[in-house]
Structure formats: C-alpha cells, structure tokens
Amino acid sequence: PDTGIRIAWWNTRLAPARAIAEVGDDVLAATADVLQRLMDVVRADIIVLGEMSDPVIKALRDKLRDGHPQAAARYAWLPACQQAGRSRFSVCILSRKDYVQVAFKELILLVNGKSVTKVGQLFVATLLEGSERVHLIVSHWPSRLHLDRQDSGRTHIAAFLRHWIEDHLFRFSAQPNIVLVGDFNDEPFDEGLERYLRATRDHDKIKRNPKLFYNPFWRHLSSFEQRLIGEHRSADPGTYVHRGGRDTWWRTFDQLVVSSAVLFGKAGWRLDEASTRVVSEEQAGIEIRSAQRIFDHLPIVGHIERQFT
C-alpha cells in the first residue's frame, strides 16, 4: 500500500472571473468529471483547486455528488475563500477522509498601505494515523495580464514569501517539511521563482545550502514526444496553453516546489520525483489545446513518500 501523499493542484478557471450563473451546468459537469479522475485515476489524496468561490464550491460539490457519488463520499471539502483587502482568496482543498487531514493555519499577505497582495495560504497536512506534519503553502500569483513578467512587483511577491517562510517556518525548525503548490504565473526560470524564492533545479546546490527549495518542474519545459504515457512520462511541454504566445503556446505556470527536507527525506517525507508531474490531457479527460476548450490549465500532481525511522 502507498503510505505517501499525492498532492494535486488544478486551476479550474471557474471563479472569481465568472459568477455562478455564468458558469453553466455543462461546465460544472465537465469540472466534476475532471475532479473524479483526479480522485480515481490519479489517486490524489489531497486536491487543491484554484479559481474557486463559495457559490462555485457548493455547486461543484452538488454536481460531483450527483454524477460520482462514490468518489464524492470519500473526500472532505475545505473551502478557503478568505477576504484579503478588497479581494478574496479562491481556493478549495479536498482530502481523503479515511487517510489524511488538512487544516488551515494562516494567510500570507503583503500589505503596503491600503494595498493587499495575496501571496499564499498556509495549511498543515498530517496522516490520520499520525505522521510528521507537512506545511502546505498554496499560491496563485497575479496574472501577467495585470502584472507583466518584467514588473518588479512580481519579484517583490516572491521575495516576500521567501522572507515569510524564513521567519515563520525555518526559524522554528532546521528541517521543515514544506510543499509549495499553485499557479505562480511565472515559469521555473523566471526571476521570481529561481532568484527570489530560491527554487533551484540543482540537487548539489541544495546539499550545500539546505535552505534552498527544489523545483522538479524544470523538467516539464520540453515537448519531446515519448511513447511512454501517464505516470511514466519524464517530461511535459507545460501546464497552461497561451494561444496568443509569440514563440510558444505552452507555459509551465503550475508547479510544486519542496524544501530540502522533503527532497532528501530528512524529516519523515521524501519527494518521489518520478511520480511528480503534469497530469496528461488523457488522464484528466480534458482538452486545453482546442479553440473550443473549457479549461486552459492542466492539473499537476506531486508524490511525497513517507520515511520511517
């Protein structure tokens, strides 16, 4: 039996851009179908949904119960649409009732006068039978439509999160189990993630400096076609289709990043990098390359294995 935790993230594109009346029954049904696949095909223990709202969460939960009652019955729902200045967070977390518990801990906000930026939300995950805690930080950083790639505000958000983690997690533990997941609207090589959050692709660098983060999604920047599919793929072209892109349609905005403790299994959890990947269109049951697409992001999944001492 798998004693690890599979953590999935998916930007659903449902809210807050759309009111619930505008979502439509067909879109809710399609979203519920993808959610059921994340439960039964991907076998995610924790599913983090982005671009949600309280009305959408209720409607989606009802739709899942109607279409996939057995899958729906296995998961607890944790809405996390807290107020942040004039805006709100747009996250909902589902977790397997019989296996893992997720609790909300704290909002991570960058406040500058009357301006409030949503940097992230801190949750804590533990197995019901007992385990070392996992600090799960969920982020959805501003779209490049509102904050250009070159805007210093993007790197300021990343730097703020880095300092927040230093003050709130590394201060109290030399080896905290940290998993960051979400839609960063930056790619792994952009300054925010690599330079300011300090999320590297280099194992050796992390061995020398355990406070660096490791980003396994560097390898999901290639459209190299392989015969291997599903869990056995070693690379993916990206997670988001930008049809207006000048040089490429693909962007790897959705990522899962881990602390050195998780990378090397120092404190009860170890990253299974081979099973940390983009969920394919076939597995998720969606098309994001079609001009008539409903969704524009693919889900991702990260697998951390339990380490027994």
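**Figure 1. Salt bridge between Arg13 and Asp296.** In this predicted model, the side chains of Arg13 and Asp296 meet in a salt bridge, with a nitrogen-to-oxygen distance of 3.6 Å. Arg13 belongs to the loop between β1 (5–11) and α1 (20–23), while Asp296 belongs to the loop between α9 (281–284) and β17 (300–306), so the contact ties together parts of the structure that are 283 residues apart in sequence. The two partners fall into separate accessibility classes: Arg13 counts as partly exposed, at 27% relative accessibility, whereas Asp296 is buried, with a relative accessible area of 11%. The pair shown here is one of the salt bridges in the structure, for which a search of the whole model gives a count of 15.

**Figure 2. Salt bridge between Arg162 and Glu166 within helix α5.** Arg162 forms a salt bridge with Glu166, and the closest nitrogen and oxygen atoms of the two residues are 2.8 Å apart. Both residues lie in helix α5, which spans residues 152–170, and their separation of 4 residues corresponds to about one turn of the helix. Arg162 is buried, its relative accessible area being 4%.

**Figure 3. Salt bridge between Glu166 and Lys211.** Glu166, the partner of Arg162 in the preceding view, also meets the side chain of Lys211 in a salt bridge, at 3.2 Å from nitrogen to oxygen. Because Glu166 lies in helix α5 and Lys211 in the loop between α7 (203–208) and β12 (213–214), this pair ties together parts that are 45 residues apart in sequence. Lys211 is partly exposed, with a relative accessible area of 35%.

**Figure 4. Salt-bridge network of Asp45, Arg96 and Asp98.** Asp45, Arg96 and Asp98 are joined into one network by salt bridges that share partners. The underlying principle is that side chains of opposite charge can pair when their charged atoms come close.

**Figure 5. The cysteines Cys81 and Cys92, which are not joined by a disulfide**. The count of disulfides in the model comes to 0. Cys81 takes part in no disulfide, and the cysteine sulfur nearest to its own, that of Cys92, is 7.0 Å away. Seen from the other residue, the closest cysteine sulfur to that of Cys92 is the one in Cys81, and the separation of 7.0 Å is too far for a bond, given that a disulfide requires the two sulfur atoms to be within 2.5 Å. Cys81 is buried, with a relative accessible area of 6%, and Cys92 likewise counts as buried, at 0% relative accessibility.

How values were computed:
Residues are numbered from 1 along each chain as its sequence is written. This is a predicted model: local features need pLDDT of at least 70, side-chain atom pairs count only at pLDDT 80 or more; totals for chains, interfaces and linings use all residues. Side-chain values use heavy atoms; hydrogens and water are left out. A salt bridge is a side-chain nitrogen of Lys or Arg within 4 Å of a carboxyl oxygen of Asp or Glu. Helices (H or I, at least four residues) and strands (E, at least two) are DSSP runs, numbered from the N terminus. Buried means under 20% relative accessible area, exposed over 50%, partly exposed in between (1.4 Å probe, protein chains only).
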